[in-house]
Amino acid sequence: MIERIWSGRSPLWLLLWPLSLIYGAVSCLIRLSYQRGWRKSWRAPVPVVVVGNLTVGGNGKTPVAIWLVQALQRRGLKVGVVSRGYGGKAERYPLLVNGDTSTEQAGDEPVLIAQRSGAPVAVATKRRAAIEALLASQPLDLIITDDGLQHYALQRDREIVLVDGTRRFGNGWWLPAGPMRERASRLQQVDAVIVNGGDAQPNEIAMTLRPGEAVNLQTRQTMPISALKKVVAMAGIGYPPRFFATLKQHGVMPVSEIAFADHHAYSQEELARLLTDRQILLMTEKDAVKCRRFAQTEWWYLPVEAELSGSAVAPLLDDIERLARQYASRIAH
């Protein structure tokens, strides 16, 4: 239902429109308060690059954050990542993610980023605290914030926005009548727009999510996803239909598709009930980091890699690397 409302296909969005005006007014006032200096923002001693969204829901932000970290690491930069850690409930913050950190403590996305990239990751509701904890633990050239485009208490040097190429901006209205955190005109002020799927428009960077081989949660065995039979597909991400569509594009026709809420907290019993005899449970990697400790024999996940194309990709990385080198040079002198 919410997708129909936000896409404009249901007239119910009109009932929510007054609340959207209130949301939009508050959002604009918060941003203006930082721009005018009525509220103080903080500048980190190293460059900060925000990877964020204008809309709610899954746009592929975390795969892009991982791609960016790895691309900059290959250029010799020491990159740290900060996240709000949605869904995590640690005893204290900031929390430095390590090999023993659970998703119950840090949230699923920070754990996934740390595992995939090997980069130091810190979690805190206040990004400043997370950055200070990272810099106190080791020297870094650059900080990437996973989400936080609307967290204006933190000054940033570059802004990268993810857009769903199929859904774009729905009906274009603020929450709750539409999917927008900020209006689409905000794109005119960011440094790069990456479009996940669909058709990228001029000045946008095209992106696709390329699946790898399926991985068994227990044994780490890998195999082509097309070799999996009697698959029950599940996804607890921002936009589960994208995962199900990816499976079908690569030859997997699930016997059932089960969508959970984003950041859903799973239990072994809950997932075991999804399967009957000889069926295979196939999930996203973001789900897998929450399920590995109680995984069963026939539970698999599908890792994906962000692939960016177009002439603007290299200049984006060149610009960020140059920014980090300039900061380091000023500190050295």
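This passage describes a sheet, the helices that lie across it and a few residues in a predicted model.

The sheet is open and has nine strands. Their order is E3-E4-E2-E5-E1-E6-E7-E8-E15. The pairing is mixed. Strands E3 (95-96) and E15 (304-309) form the edges, and each of them pairs on one side only. Strands of a sheet pair through backbone hydrogen bonds, in either the parallel or the antiparallel sense. Both senses can be followed here. E15 is antiparallel to strand E8 (residues 205-211), and six bridges link the two. In this pair, Pro211 has Val304 of E15 as its bridge partner. E5, by contrast, runs parallel to E1, with four bridges between them. E5 also runs parallel to E2, with five bridges.

Strand E5 (142-146) merits a closer look. Five of its five residues are buried, so E5 is largely enclosed by the rest of the structure. In a regular strand, side chains alternate between the two faces of the sheet. Both faces of E5 are covered. Leu142, Ile144 and Asp146 are buried on one side. Ile143 and Thr145 are buried on the other.

Asp146 links E5 to the strands on either side. Its bridge partner in the E1 pairing is Val51. In the E2 pairing, Ser83 stands opposite Asp146. Ser83 belongs to strand E2 (residues 79-83). Its relative accessibility is 3%, and Ser83 therefore counts as buried, the cut-off being under 20%. Beyond its neighbours within four places in sequence, Ser83 contacts Pro110, Ala122, Val123, Ala124 and Asp146.

Two helices that lie across the sheet were examined next. Helix H6 (residues 127-137) lies across strand E1 (48-53), E2, E3, E4 and E5. H6 runs at about 150° to E2. Ile131 is located in H6. With a relative accessible area of 0%, Ile131 is buried. Residues up to four places away in sequence aside, Ile131 touches Trp42, Ala44, Val48, Val82, Ile143 and Leu154. Ile143 is one of the buried residues of E5. Ile131 and Val81 are 50 residues apart along the chain, yet 8.2 Å separates their C-alpha atoms.

Helix H5 lies across E2, strand E4 (121-123), E5 and E15. H5 runs at about 170° to E4. E2, E4 and E5 thus appear under H5 and also under H6.

H5 also meets another helix. The axes of H3 (residues 61-74) and H5 (residues 108-117) come within 10 Å. They cross at roughly 30°. Angles under 35 degrees count as roughly parallel, and H3 and H5 are therefore roughly parallel to each other. Their crossing is right-handed. From H3, the contact involves Lys61, Thr62, Ile66, Val69, Gln70 and Gln73. From H5, it involves Glu109, Leu112, Ile113, Arg116 and Ser117. By class, this contact has four nonpolar, four polar and three charged residues.

Methods. Residues numbered from 1 in each chain as written. Predicted model: local features only at pLDDT ≥ 70, side-chain atom pairs only at ≥ 80, totals over all residues. Heavy atoms only, no water. Axes fitted to C-alpha atoms, helices over the stretch in contact; angles between N-to-C directions. Parallel < 35°, antiparallel > 145°, perpendicular 65-115°, else oblique. Left-handed = near helix turned anticlockwise from the far one by under 90°. Contact = heavy atoms within 4.5 Å. Nonpolar A, V, L, I, M, F, W, Y, C, P; charged D, E, K, R; others polar. Buried < 20%, exposed > 50% of the residue type's maximum accessible area, 1.4 Å probe, protein only. Pairing = 2+ DSSP bridges.
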